[in-house]
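Here are some notes to read alongside the structure, set out as numbered points. Please keep the model open while reading, and look up each residue as it comes up.

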Amino acid sequence: MKILIADDDALSRRLLEKTLLRDGYEVISVADGRQAVNCLSDSDAPRLALLDWMMPELDGPGVCREIRQRHDQLYAYIILLTSRESKEDVVAGLESGADDYLVKPFNVDELKARLRCGQRILHLEDRLVEAREEMRFKATHDHLTALWNRGVIMDLLTRELARSQRENGSTALLLGDIDHFKSVNDTHGHLVGDQVLREVARRMLLAVRSYDFVGRYGGEEFLIVLNNCDPVSAFPRADQIRASIGDRPIQTDAGPLKISMSFGVLISHDWGHRPADELLREVDTAMYAAKSAGRNCSKLARPSDDTRDFVPAERSSREPSS
Amino acid sequence: MDSPQSSASASVNLQELLNRVDNDRQLLHELLSIFKEEFPGNLRNLRVAVAAGNLSEVAKLSHTLKGTLSNLAVAAGAASAAALEHAARSGDSTRVQAAFSDFDKTVAGLISEFEACLAEAHPS
């Protein structure tokens, strides 16, 4: 484990370095408080630190205060190691944000034991962060496909619409529904249906840019938000995404299945930047128009009543089997 | 193993010092080399600060020396440095002069004592 030693006294520094190296630590040494703050602010910063109190540039308690003001990093366990031994100093040191306090000259066994305490605390923190991240992921993602869940994709859509309105740009909404998905479930069972949903999600993610959003909107419905999307190329791009779903069979436990999707497509710029729920109603209508037009195609939602067909020339070769 | 009990110095507790470095005589040599290099300069700076009545500097330097000497198991020297630091923080120049004089006497010949220690504690 990495550990930082900050001490302006070369002799103390060397003694600590050697003691900790012998105990298996990876040691980084600095001679003043400012260097200590910089080191503890690195992306790959040590999580354990032994700080002297009196140092040039910034003293040990000053380092603690600066580090504790930052909340964007993993917790660093800090021990003040100093020859200031009054109770007032101990209290002031701990109040500055140090986790522990040791008086020089240190006893080697005590120092090692206190560092092991620090490691236990850091391990506990890691487990808490891991649990929090897992909960955060579960709260924001669909458990089956690992796409954004409905609540999050709606929030992202609202945010993107506001941004494109502010910047006079355009956002494309793609609402897609797997064709004849019910018959996949009825014929092959829900486990195979789940395999289809997962693979469709994976193909959609591969087909979009890293900064676009893909979410599971409902059972077999997916919402894709193409950010900052050029209105002219939005529809062809949307249809490429649709084509990428059905361009080869999906391998399942029931064998390869030909799957297609129907898409409603809406370009926010065409609609004068209306609210998300209104746009969703319109794109939903366009998606049902694609279904009515024979499926495996995309329909563009337009403010006027007409909707533009977009049926790929090769569609007949990609009709779903179910 | 050498016999650390037969220390040549009344000031340096060689047994304690060897415990502190986990009986690593190579490290002991390294630490004493650092001490020999840095101590004369620190003592000189301390003397200048005392003469100039720069009590904050006296407090800082005597604090550093207190840490160094305690790391090297020189209990009397560390205690004398602590008394000097305390006097400097109290702001009493007269006490500082007296405490420095005491400290100066305590650490006189310390480097020679360490040389003797090194002779006793050959690198393993």
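1. Two strands are said to pair if DSSP finds at least two bridges between them. With that in mind, and remembering throughout that this is a predicted model, look at chain A, where strand β3 (residues 48-51) and strand β4 (residues 77-82) pair in the parallel sense over 4 bridges. One of the residues to locate is A:L50, whose bridge partner in β4(A) is A:I79.

2. Is strand β4 of chain A mostly covered or mostly open? The strand is mostly covered, since 6 of its 6 residues are buried, where buried means under 20% relative accessible area. The side that carries A:Y77, A:I79 and A:L81 and the other side, with A:I78, A:L80 and A:T82, are both made of buried residues.

3. Three places in the backbone of chain A deserve a careful look, because most residues other than glycine have a negative phi, and most peptide bonds are trans. The peptide bond from A:K104 to A:P105 is cis, with omega near 0°, and A:P105 is placed in the loop between β5 (100-103) and α5 (108-140) of chain A.

4. A:N168, which is not a glycine, has a positive phi of about 55°, and this residue sits in the loop between α6 (150-166) and β6 (172-178) of chain A. A:R295, likewise a residue other than glycine, has a positive phi near 70° and belongs to the loop between α10 (276-292) and β12 (298-301) of chain A. As for their surroundings, A:N168 counts as exposed because its relative accessibility is 57%, while A:R295 is partly exposed, with a relative accessible area of 29%.

5. Turning to chain B, one finds 6 helices and 0 strands, so a student tracing the chain from the N terminus on should meet the elements in the order α-α-α-α-α-α. Of the 124 residues in chain B, 48% are buried. Among the contacts in chain B between residues at least 6 apart in sequence, 67% join residues at least 24 apart.

6. How do helix α4 (residues 75-90) and helix α5 (residues 93-107) of chain B pack? Their axes are 9 Å apart and make an angle of about 165°, which means that α4(B) is roughly antiparallel to α5(B). The crossing in which α4(B) passes α5(B) is left-handed. In this contact, residues of α4(B), including B:A76, B:L84 and B:A88, meet residues of α5(B), among them B:V96, B:F100 and B:F103. The residues of the contact divide into 11 nonpolar, 5 polar and 2 charged.

7. B:N71 is worth finding in helix α3 (residues 55-71) of chain B, and with a relative accessible area of 2% this residue is buried. Leaving aside residues up to four places away in sequence, B:N71 touches A:L11, A:S12, A:L15 and A:P105 in chain A, as well as B:L17 and B:R20 in chain B. The residue A:P105 in that list is the one joined to A:K104 by the cis peptide bond.

8. Finally, B:H29 lies in helix α2 (residues 25-52) of chain B and counts as partly exposed because its relative accessibility is 22%. Although B:H29 and B:L118 are 89 residues apart along the chain, their C-alpha atoms are separated by 6.9 Å.

How values were computed
Residues numbered from 1 in each chain as written. Chains lettered and ligands numbered in written order. Predicted model: local features only at pLDDT ≥ 70, side-chain atom pairs only at ≥ 80, totals over all residues. Heavy atoms only, no water. Axes fitted to C-alpha atoms, helices over the stretch in contact; angles between N-to-C directions. Helix = DSSP H or I, 4+ residues; strand = E, 2+ residues; numbered from the N terminus. Parallel < 35°, antiparallel > 145°, perpendicular 65-115°, else oblique. Left-handed = near helix turned anticlockwise from the far one by under 90°. Contact = heavy atoms within 4.5 Å. Nonpolar A, V, L, I, M, F, W, Y, C, P; charged D, E, K, R; others polar. Buried < 20%, exposed > 50% of the residue type's maximum accessible area, 1.4 Å probe, protein only.
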